[in-house]
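User: I'd love a close look at one part of this model, set in the context of the chains around it. Could you take me through it step by step?

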Amino acid sequence: MVNYEEILNMPPYSLDKSKKHEFLTEQLSILTRHHYYNCPEYRKIIDAFGFDVNCIKSYCDIPFLPVRLFKEYDLLSVPREDVVKTMTSSGTTGQKVSKIYLDKETSSNQTKTLVKIVSSYIGAKRLPMIVIDTSAVLKDRNMFSARGAGILGFSVFARDRIFALDENMELDIDGLVQFLRKYEGEDILLFGFTYMIWQHFYNKLKELDLSLDLSRGVMIHGGGWKKLQEHAISPAGFKEALHHVCGINRVYDYYGMVEQTGTVYIECECGHLHSSVFSDVIIRRSSDFGIAETGEKGIIEVVSVLPKSYPGHVLLTEDEGIIIGEDDCSCGRKGKYFRITGRINNAEIRGCSDTYADRFK
Amino acid sequence: MTNLEKYVKAFTDSFEISEDQVSALEYQSIVQWDSVGHMSLIAAIEDAFGIMMDTDDIIDFSSFEKGKEILKKYNVVIE
């Protein structure tokens with residue numbers, strides 16, 4: 001079985017191409033066999049491909065499941081009574097949502113991995129944290145939406161936490177000012193979804209012509225650019241605009257999905273999303289699903305060593321992206337670095353930030 | 001209050017359970033101790049002892065017993 005205790009001690013960006021290939025092939029082969037023998041639906045799919053789970057030469061050869069499958073079927077590789085948490089994807093009203101079943105082990109490994117990856121960016125010290133969202137998203141504890149799960153996952157880095165928005169999504173200026181006064185001169189963590197930060201934080205501060213001092217702030221945001229692309233706001237424009245209203249210098253985008261919680265891809269100082277040793281991205285050509293070259297646009301496949309309670313270790317997303325390079329980013333992190341270019345045609349809208357934005361139409 | 005009493009009180013207050021239930025508790029063994037409950041428990045313990053735990057220790061804090069071990073690192077001895 002996969003030895004998670006050992007794996008999770010690895011520094012997150014420490015393996016070069018060949019070592020990482022060997023590592024992922026070994027771990028993902030073990031997981032593929034685990035799901036094959038414990039999830040009847042997964043077994044049917046693998047058999048339909050005529051794939052031999054006992055002879056895997058490269059993790060790139062393992063058949064991928066489309067993320068959509070988790071909307072249509074209940075897929076799990078553990079007895080149902082072992083499920084402690086069910087996560088759901090964000091989806092606009094009327095869309096089916098994915099259901100991801102977690103047992104104790106997988107759920108705890110997700111949190112541990114997230115901590116490993118994020119603390120390599122912000123340090124192990126817990127910080128005062130401003131969540132740019134409303135506490136209302138955390139109300140239903142049994143069914144976690146991707147939005148709530150993101151907030152909760154990142155809350156482990158907080159030592160004191162406030163929600164910047166009330167339930168009507170209005171910015172709580174007084175609360176923010178007080179919080180900033182209390183932690184003056186200290187690093188502050190800000191977390192939220194890209195579109196909400198733009199709409200309810202940036203736009204509001206700009207409208208009120210108010211400037212906050214967040215020069216010691218570290219912002220981590222994610223959930224989709226689609227809506228901001230429509231407004232022609234680029235990642236660089238986003239950072240610049242935020243710097244303008246609150247002096248913040250460290251703004252990191254992240255890419256991640258509820259189907260592979262924990263193994264997030266965080267933007268480095270050079271503006272590239274990085275894959276850690278615990279996961280990888282493979283870009284597939286839409287014509288024949290062959291592996292695209294570096295610099296060539298295609299559909300993003302994500303693999304992760306964490307999914308054990310459900311067969312989500314090798315997935316084809318509905319996002320498009322480009323690998324920029326591997327092992328040689330000037331930030332010094334090993335592994336592939338890439339960027340997201342958008343959603344594949346006809347894909348449903350589904351980033352946390354984008355499904356939220358859809359309600360404003 | 002002794003350290004043990006404070007420690008037990010953090011659990012009973014956070015999860016609204018009685019004292020005789022705490023000693024066998026593990027993360028996710030009761031519905032209240034889920035990921036949301038976990039953060040309230042940690043906050044209650046930190047307040048009770050005036051400490052701040054590292055993120056790794058928060059993650060490892062997986063049971064009533066394990067918690068005692070972790071708190072030793074912060075010079076909080078629970079007997």
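The request and the reply below centre on one strand of chain A and then widen to the rest.

User: Please take strand E13 of chain A as the part to examine. How many of the residues of E13(A) are buried, and which residue stands opposite Ile299(A) in the pairing with E12(A)? After that, I'd be glad to hear about the chains as a whole and where they touch.

Analyst: Happy to. One thing to keep in mind from the start is that this is a predicted model. Its overall scores are ipTM 0.76 and pTM 0.89.

Let's begin with the strand itself. E13 covers residues 298–304 of chain A and is mostly covered, with 7 of its 7 residues buried. On one side comes E12(A), residues 279–284, which pairs with E13(A) in the antiparallel sense over 6 bridges. In that pairing, the residue opposite Ile299(A) is Arg284(A). E13(A) also pairs with E14(A), residues 314–326, again in the antiparallel sense, here over 5 bridges. Ile299(A) takes part in this pairing too, and its bridge partner in E14(A) is Glu320(A). Ile299(A) can therefore serve as your landmark on screen: find Arg284(A) across from it in the E12 pairing, then Glu320(A) as its bridge partner in E14.The loop between E12 and E13 of chain A is worth a stop as well, and Phe289(A) is found there. Is Phe289(A) buried or partly exposed? Phe289(A) has 14 C-beta neighbours inside 10 Å, so it counts as partly exposed; a residue needs 20 or more to be called buried. For a sense of distance, the C-alpha atoms of Phe289(A) and Ala48(A) are separated by 17 Å, with their positions 241 residues apart along the chain.

Now for the domains. The assignment for chain A gives domain 1 as 13–75 + 270–352 and domain 2 as 111–255 + 353–358. Taken over C-alpha atoms, the centres of domain 1 and domain 2 of chain A are 28 Å apart.

Another strand to set beside E13(A) is E4(A), residues 127–134, which is mostly covered, with 8 of its 8 residues buried. E4(A) and E6(A), residues 158–165, run parallel and are joined by 6 bridges. Here Met129(A) has Arg161(A) as its bridge partner in E6(A). E4(A) is also joined to E7(A), residues 188–193, by 4 bridges, and these two strands run parallel as well. In E7(A), Phe191(A) is the bridge partner of Val131(A). The E13(A) pairings described above are antiparallel, whereas those of E4(A) are parallel.

Stepping back to the whole of chain A, its secondary structure comes to 11 helices and 15 strands. Its radius of gyration is 20 Å, close to the 21 Å that the globule rule gives for 361 residues, so chain A is as compact as a globular protein of that length. The C-alpha trace spans about 60 × 45 × 40 Å along its principal axes. Of the 361 residues in chain A, 48% are buried. Among its contacts between residues at least 6 apart in sequence, 73% join residues at least 24 apart.

Chain B has 4 helices and 0 strands, and its elements run α-α-α-α from the N terminus on. The radius of gyration of chain B is 11 Å, close to the 12 Å from the globule rule for 79 residues, so this chain is as compact as a globular protein of that length. Its C-alpha atoms fill a box of roughly 30 × 25 × 20 Å along the principal axes. In chain B, 22% of the 79 residues count as buried, and residues 24 or more positions apart account for 48% of the contacts with a separation of 6 or more. On confidence, chain B averages a pLDDT of 92, and 100% of the residues score at least 70.

That leaves the place where the two chains touch. There, 11 residues of chain B are in contact with 15 residues of chain A. On the chain B side, H2 (35–49) and H3 (55–60) each supply at least two residues. H3(B) gives the most, with 4 residues. By class, the side of chain B that touches chain A has 5 nonpolar, 3 polar and 3 charged residues.

Key
Residues are numbered from 1 along each chain as its sequence is written. Chains are lettered from A and ligands numbered from 1 in the order in which they are written. This is a predicted model: local features need pLDDT of at least 70, side-chain atom pairs count only at pLDDT 80 or more; totals for chains, interfaces and linings use all residues. Two residues are in contact if their C-beta atoms, placed from the backbone, lie within 7 Å. Ala, Val, Leu, Ile, Met, Phe, Trp, Tyr, Cys and Pro count as nonpolar, Asp, Glu, Lys and Arg as charged, and the others, Gly among them, as polar. A residue is buried if 20 or more other C-beta atoms lie within 10 Å of its own, exposed if 12 or fewer, and partly exposed in between; C-beta atoms are placed from the backbone. Two strands pair if DSSP finds at least two bridges between them. The radius of gyration is taken over C-alpha atoms; the globule rule is 2.2 Å times the number of residues to the power 0.38. Domain bounds come from an automatic or database domain assignment. pLDDT is the predictor's confidence in each residue, from 0 to 100.
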